[in-house]
Amino acid sequence: MATNENAVALLKADHRKVEELFEAFEKARTEDRKKALVEQICTELMVHATIEEEVFYPACKGKIEDEDLLDEAYVEHDGAKVLIAELLHGSPSHEFYDAKVKVLSEMIKHHVKEEEMRSEGLFAEARAAGVDLDDLGERLKTRKAQLLAKFKEAGKLPPPQTRSFTGHKLSQSEPVVAQ
């Protein structure tokens, strides 16, 4: 499975694709179109987060200068996963649906900016540390194909799993009113 796409190029291509999907959502006028775009966005983000968490971030651990970037990336992914879970269980007719998509878009823009910053971003740090980006690109591409096939076969995304949010369960419940 040869490719000319190293890890950074593959991950940046994912970033651009999701940006385009968010832009398309902003222009969408029908509930069916919005729902279809959200399903695409959520699929892309779940696959992307998984390959980063399983392959890219572990390859950077112990090698990059600013390891706080990795911890922050995991927490940012987990925040996005909470919104992804909400969107996957919601509908364009639900209150806050469009707002959740907008906030997810803003979170992802922030995350992408931190990964892609020229000198101190995670990708730049990986390059400077001599991480084998070509080998990682192959591994990312393989894992991405596996995940897409698995999700297609299942007909739906699995529930998002968080790494940094612990000690509680996310649930749909009645709002708590302060007394």
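The following exercises, with worked solutions, concern helix 1 and the nonpolar core of a predicted model.

**Exercise 1.** Determine how the span of helix 1 relates to the value expected at 1.5 Å a residue.

*Solution.* Step 1: helix 1 covers residues 7-27, which amounts to 21 residues. Step 2: the expected span is 30 Å. Step 3: from the first C-alpha to the last, the helix reaches 31 Å, close to that expectation.

**Exercise 2.** Identify the residue that caps the N-terminal end of helix 1, and the contact involved.

*Solution.* The cap is Asn6. One of its side-chain oxygens lies 2.9 Å from the backbone nitrogen of Val8.

**Exercise 3.** Establish how the buried residues of helix 1 are arranged about its axis, and what they pack against.

*Solution.* Step 1: take as buried the residues under 20% relative accessible area; in helix 1 these are Ala7, Val8, Leu10, Leu11, Asp14, His15, Val18, Leu21, Phe22 and Phe25. Step 2: viewed down the axis, the buried residues fall within an arc of 165°, so they line one face of helix 1. Step 3: on the other side, Glu20 and Lys27 are exposed. Step 4: the buried residues pack against helix 2 (31-60), helix 4 (97-116), helix 5 (122-128) and helix 6 (133-154).

**Exercise 4.** Describe the largest nonpolar core and the contacts of Phe56.

*Solution.* Step 1: this core has 46 residues, and Phe56 and Leu104 have the most contacts inside it. Step 2: helices 1, 2, 3 (68-88), 4, 5 and 6 each give two or more residues to the core. Step 3: helix 2 supplies the largest share, 13 residues. Step 4: leaving aside neighbours within four places in sequence, Phe56 is in contact with residues including Ala7, Leu11, Leu122, Phe123 and Leu140. Of these, Ala7 and Leu11 are also among the buried residues of helix 1.

Technical notes:
Residues are numbered from 1 along each chain as its sequence is written. This is a predicted model: local features need pLDDT of at least 70, side-chain atom pairs count only at pLDDT 80 or more; totals for chains, interfaces and linings use all residues. Side-chain values use heavy atoms; hydrogens and water are left out. Helices (H or I, at least four residues) and strands (E, at least two) are DSSP runs, numbered from the N terminus. The expected span of a helix is 1.5 Å times one less than its number of residues. Buried means under 20% relative accessible area, exposed over 50%, partly exposed in between (1.4 Å probe, protein chains only). The arc is that of the directions from the helix axis to the C-beta atoms. Contact means heavy atoms within 4.5 Å. A polar contact is a pair of N or O atoms within 3.5 Å; within protein, one must be able to donate a hydrogen and the other to accept it, and residues adjacent in sequence count only if both atoms are side-chain atoms. A nonpolar core is a set of buried Ala, Val, Leu, Ile, Met, Phe, Trp, Tyr and Cys residues joined through side-chain atoms within 4.5 Å.
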